[in-house]
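Reader: Could you walk me through this model the way you would read it yourself? I'd like the general idea for each feature, then the case at hand.

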Amino acid sequence: MADLQSLDIRRRSASVADPPSVRQEPPVAKLIDVTRCIGCKACQAACMEWNDLRPEIGYFEGSYDNPQDLGPSAWTLMRFTEWEDEAGNLEWLIRKDGCMHCADPGCLKACPAPGAIVQYANGIVDFVSEHCIGCGYCVKGCPFDIPRVSPVDHKAYKCSLCSDRVSVGLEPACVKACPTGAILFGSKDDMTGWAGERVAELKTRGFDKAGLYDPDGVGGTHVMYVLHHADRPSLYAGLPDKPHISPLVQAWKGLFKPIALAGLAFTAVAGFVHWVVAGPNQVTPEDEAKGAAMLAGQDTKGDDRKGDPS
Amino acid sequence: MTNTWQDIKNANVILVMGGNAAEAHPCGFKWVIEAKLHNAAKLVVVDPRFTRTASVADYYVPIRPGTDIAFLSGVIRYLLEKDAIQHDYVRNYTNAALIVKEGFGFDEGLFSGWDAGKNDYDRSSWDYELGDDGFAKVDPTLQHPRCVLSLLKRHVARYTAETVSRICGTPQDKFLQVCDLVASTAVPNKMLTSLFALGWTQHSVGSQNIRTMAMVQLLLGNIGLSGGGMNALRGHSNIQGLTDLGLLSNAMPGYLTLPNDRETDFTAYMKTRQYKPLRPNQVSYWQNYRKFFVSLQKAVFGKAATADNDWAYDWLPKLDVPNYDILRAFEMMNNGQMNGYVCQGFNPLQSFPNKGKIRSALGKLKYLVVMDPLETETAYFWQNQGAKNPSDPAKIQTEVFMLPTTCFAEEDGSLTNSARWVQWHWKAADPPGEAQSDVRIMTGLFRRMQAMYRKDGGAFPDPILNLSWDYLDGNDPQPEELAKEINGKALVDIKDDAGTVTLRAGQQLDAFAQLRDDGTTTSGCWIYTGVWTEKGNIMGRRDATDPRDQGLAPNWAFAWPANRRILYNRASADLEGRPWNPDKPVIAWNGSKWTGIDVPDFVPTTKPDSGVSPFIMLAEGTARLFARDQMREGPFPEHYEPLESPVTNLLHPRVKSNPCARVFPDDRAQFGSADKFPYVGTTYRLTEHFHFWTKHARINAILQPEEFVEVGEALAKEKGIGQGDWVKVTSNRGAVVCKAYVTKRLKPLAVDGKSQHVIGLPIHWGFTGAARKGYGANTLTPFVGDANTETPEFKAFLVNIEKTAGPSEPVA
Amino acid sequence: MSAHQTPAMVSRYTTAQRINHWITALLLILLALSGMSMFDPGLFFLSSLFGGGEATRAIHPWFGVVLLVSFAILFVPFVRHNLWTRDDTAWIGKIRDVLGNHEERLAEVGRYNAGQKLVFWAMTWLILVLFATGIVIWDQYFFRFTSIEVKRIAVLVHSVAAVAIIAVWITHVYAAIWVRGTMHGMLRGTVTAGWTFRHHRKWLRTLARGQK
């Protein structure tokens, strides 16, 4: 988990925190070059090893995706897609799924627990489990369907980009393990530059639409993909074409909050003002008398109401 | 590998055929990616399935399992027809110009010399025409009708693109695309590397598969150069070491061979092994055989091996059959001819074909000793696991001993990788429980047996009583001691002609050139001489310095032979000694000697014009497009169908399959026919697992938990099989019930006009370990061996598939 | 009538109804407090009341379940008194007089006036909405039944409904404070005849007729 000693926090969920600004930490990025990934799952194994995660031994369910899905103990997952282009040429698109570490993280925006989600100055978005209350709002806030809440301890989990390793100058475990260099780690500038070279090379091999996936909709990400078909990210097991924080979440965590609190305050204040202006509605002795009489069967007409200013 | 893993990055075209490098060798595959990134290399994958390798390939071309020779012969035809061969190389460095005897021929699927009675060839006609000088005749113009190249042209003429397509099911345009790419490397400065593995070996024509590709590479002039070569990607971290050390029933360390029972004395034995040169000036390095053999005998028997007793030749076992390979062993076991089995680091119940037969054979043993770090299925063959292992323990009398061993990380030792690098490794952890090293266990067995022979006598005790056992603690030989012994040393002071002592008695040797045939040197494995010299443990070197950044790293560990990183590297330079590819030179003649980034393939002062050809292990000095008598089924590769095949042999229906393949009669009776088993089954490995080991490891089990088969969408539709449905796959030997992976990656192939489906069977599941229990694909595979190596035909056989109900309970 | 004379009393709520009302009231408050703590970071401190964020997250939906039950018990006897009539619409039309304490300008009102009925129905519908959306976002048990997009809608609707119900609750509480004598009805079960005469004269007449 988070190593708070050596990583400065830029943003903290459900809090207003002034980021420390003495240390200069360049934004980092993990670059996943899908075009040179062979789907060996070494990254998954390394992730499990380093983070001491052991999901259940599952079943074969009709694909090479194992475990079937991301989970509280499966922070990264190779997703395999068999895709045939219009000409019938088969491609086996293999994408390592996991937290994208958005510059504008939907999870952090949605999180109600102060400090349960932090964004470090280097861009890593990390879950601080001891502060997590298990509400699952991060799940709803995430445009990439990444966080998973454990049914055991009711805490949300996801890739930490090995913040513990990064904070001491190591690359994330998946990067270390990748045999083909399909996962690289460095400053975001460097990774973007290298991705440009990769894209240029891919274009020489006929992938005219090759490109870098660093979506603007979430302010860019600190995990980026080199895709052969950057015009169609959704080919890659549903990678969002244009990810953004859902307008529902934006509304919920954005505009609605002040409106709601203002509305409630207004209601309360309105009552107070009414009290001050109109005062209490008192039962008068006459009311009691007439009421008692009516109750006793001496029916009084209700027409005496007018002219009873009490 | 002729070259190194790192050297793959120097290739211009990478042909992955007969293997799935990304899947099975993901770490080494990084060099393929390097080649793509930094050398603009094109990756071509020819495979029945669209594999993980294909997922990053520039070209994927489908092929029917077991038809690689037809495909590659078609490539050869194309190269010859388009004249896309490297002429100088072919003329001077291969036997293309040598003239073959009259009488050699090929007709209707059989080469000359076929003996129908013996079911084998008389190979005497498969040789060169010798001149009066005893040397092979040669026609440098390559015009002689019986020169090797002419014969080869004639032989491959049948493999037109159309025929190839009809046999292999490969669309003609895709086949020609591959031909074009391959042909593009016929120029001296373009290289093709061939990466292959069990996809070529595990066939009844496995050796010939590889030979055919080697011939392609020779025609292209791609052997001996940076970025070229024939690169067998070994399936196990030390399987190269296994063959180097001769752990086969007919082999001795360093590719020396055991005598057969007709070689009753040492002289007879040496006669067939010290090849005389077949061309003038050739090295024919096996002329040194006697030095290697005597030094080995001195290492094994020490002082007891003397000139007087022919270096203890008589104590060696003499083979009555060519080979006691694993198929023969289990055949004998099943027939009650083999009663005890020490199974060390092997899991036959999962690894060998026809699981039912293996199970039956193990049940007929009196005793079975299993030495393994894991609880293997073999050790539990007697256990009733329902349909997955239907044994009846009450009926099995075999006594099973399980001796837990250390695994590689729990002991010091060496591993020899695919690139022939002998690398030392250091113990990382203590072994669990009672586990002991294999060496210690074998020592314990040996010492006890020796004591019993010494006490009680017995038949032929000499080899056991006289075995040299010169270790500090005779009960616990250390890996370092064994390594030094394998390297070899001088037994006496050895002097040069001037009388100067060049080697002190007891001194570790530096190179096999120092070995002598007079009993004054020892070496446990001549090609490993140099692994532990007076400088210490050369295998432990970890200097990654790489001159010219060409991927040789000469100071990293030790590569046999003689720390040579690229075999046949003399062929990297032309006749004058200039590198064919000046951009990536390996060695070059500088006017007085050979220099460069690798150890030259012969004496460094051999002048280029001396006439010494690069392939020094061969009597003719040139590489063999024509194999002479070295291959059992013919000097040229020929397309033979797998023993179980859905179609006839288009080229010669009367000789459908390899006539020399290893098949026992009872196994032939178990072959299925295409009417009942219409689909081609092929087995393979997945990257998540290593054979049957890693299913014991939780993480690997998580990554690929349960047995499945791969079925193409077309066949699945035909059979009503949905994604993840339970299916029953049957061969004439058994049935596997597991889930189906319906995939686009297996497409029906148009074989001779008919649609042929292929079913993929990953092998990794059994009934022990952490993963879910499975049947094991070897339940289905045929008990067939390659004609030369007896490697089982795991890659092509006949199966049927039906949708079925799943088990009533979830898979454990 | 002298001041020390005990006013005539009318029974308005049974003991069981009162207990149930206060249970419902308490739950609503607890739900509001716990819900607010998860709604706005500025109110997260409220989660301390429940033993911290995790406990708040865990207990909040259970409050909701209990509330649903208690409100249902409340709903059944009250619903027939809260059916909307034409008089109610007229009453709403004169809301300025209501707020100005000019009840004498309004028509006679039955057991509940239109404002009370609005509170009743607002509570009813908002609780149903909150419960339904609450189930959708009760991930501990119901995560797998809906998509994330549905959950996003649910969480937004839940928040809006929660804010609305709190506003209704404030109104409800204020009305009880504003209209003197009302609280006694829910605390002790009875209201004075005068209170009834003043605010619910039609009901009083019914009661009177019933006593004959």
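Author: What follows goes from ground rules to chain contacts, then to chain B, the cores and some backbone oddities.

Reader: What are the ground rules?

Author: This is a predicted model, so local features need pLDDT of at least 70 and side-chain atom pairs count only at pLDDT 80 or more, while totals for chains, interfaces and linings use all residues. Residues are numbered from 1 along each chain as its sequence is written, and chains are lettered from A and ligands numbered from 1 in the order in which they are written.

Reader: OK, interfaces. Which pair of chains has the most contacts?

Author: Two residues are in contact if their C-beta atoms, placed from the backbone, lie within 7 Å. On that count, 2 pairs of chains touch, and chains A and C have the most contacts. Chains B and C share no contact, and their closest C-alpha atoms are 21 Å apart.

Reader: How many residues does chain A put against chain C?

Author: 51 residues of chain A are in contact with 52 residues of chain C. Helices H3 (137–141), H7 (247–253), H8 (256–278) and H9 (285–295) of chain A each supply at least two residues of that side of chain A. H8(A) gives the largest share, 12 residues. A word on names: helices (H or I, at least four residues) and strands (E, at least two) are DSSP runs, numbered from the N terminus.

Reader: And what is the chemistry of that side, by class?

Author: For the classes, Ala, Val, Leu, Ile, Met, Phe, Trp, Tyr, Cys and Pro count as nonpolar, Asp, Glu, Lys and Arg as charged, and the others, Gly among them, as polar. The side of chain A that touches chain C has 26 nonpolar, 15 polar and 10 charged residues.

Reader: How many residues meet between chains A and B?

Author: There, 30 residues of chain A are in contact with 33 residues of chain B. H1, S3 and strand S4 (90–97) of chain A each supply at least two residues on the chain A side, with H1(A) giving the most, 5 residues. By class, that side of chain A has 14 nonpolar, 7 polar and 9 charged residues.

Reader: On to chain B. Why would I call its radius of gyration in line with a compact globule?

Author: The radius is taken over C-alpha atoms, and the globule rule is 2.2 Å times the number of residues to the power 0.38. For 812 residues that rule gives near 28 Å, and chain B has 26 Å, which agrees. Along the principal axes, the C-alpha atoms of chain B fill a box of roughly 85 × 70 × 55 Å.

Chain B has 21 helices and 33 strands. A residue is buried if 20 or more other C-beta atoms, placed from the backbone, lie within 10 Å of its own, exposed if 12 or fewer, and partly exposed in between. Buried residues make up 54% of chain B.

Reader: What sort of sheet should I look for in chain B?

Author: Two strands pair if DSSP finds at least two bridges between them. In chain B, 6 strands form a closed barrel with mixed pairing, in the order S25-S31-S26-S28-S27-S33. Within the barrel, S26 (708–712) and S28 (734–743) of chain B run parallel and are joined by 5 bridges. For Glu710(B), the bridge partner in S28(B) is Tyr741(B).

Reader: Which residues touch the most other members of the largest nonpolar core?

Author: A nonpolar core is a set of buried Ala, Val, Leu, Ile, Met, Phe, Trp, Tyr and Cys residues joined through C-beta atoms within 7 Å. The largest one has 269 residues, and Cys111(A), Ile14(B) and Val148(B) touch the most other members. Helix H7 (148–178) of chain C gives the largest share of this core, 10 residues. A second, separate core of 32 residues includes Val711(B), Val742(B), Tyr775(B) and Leu780(B).

Reader: Where are the backbone oddities?

Author: Most residues other than glycine have a negative phi, and most peptide bonds are trans. Here, the bond from Asn66(A) to Pro67(A) is cis, with omega near -5°; Pro67(A) is in the loop between H1 (42–51) and S3 (77–84) of chain A. Trp560(B) and Pro561(B) are also joined by a cis bond, with omega about -5°.

Reader: And how exposed is Ala562(B)?

Author: Ala562(B) counts as partly exposed, with 16 C-beta neighbours inside 10 Å. Ala562(B) has a positive phi of about 60° although it is not a glycine, and lies in the loop between S21 and S22 of chain B.
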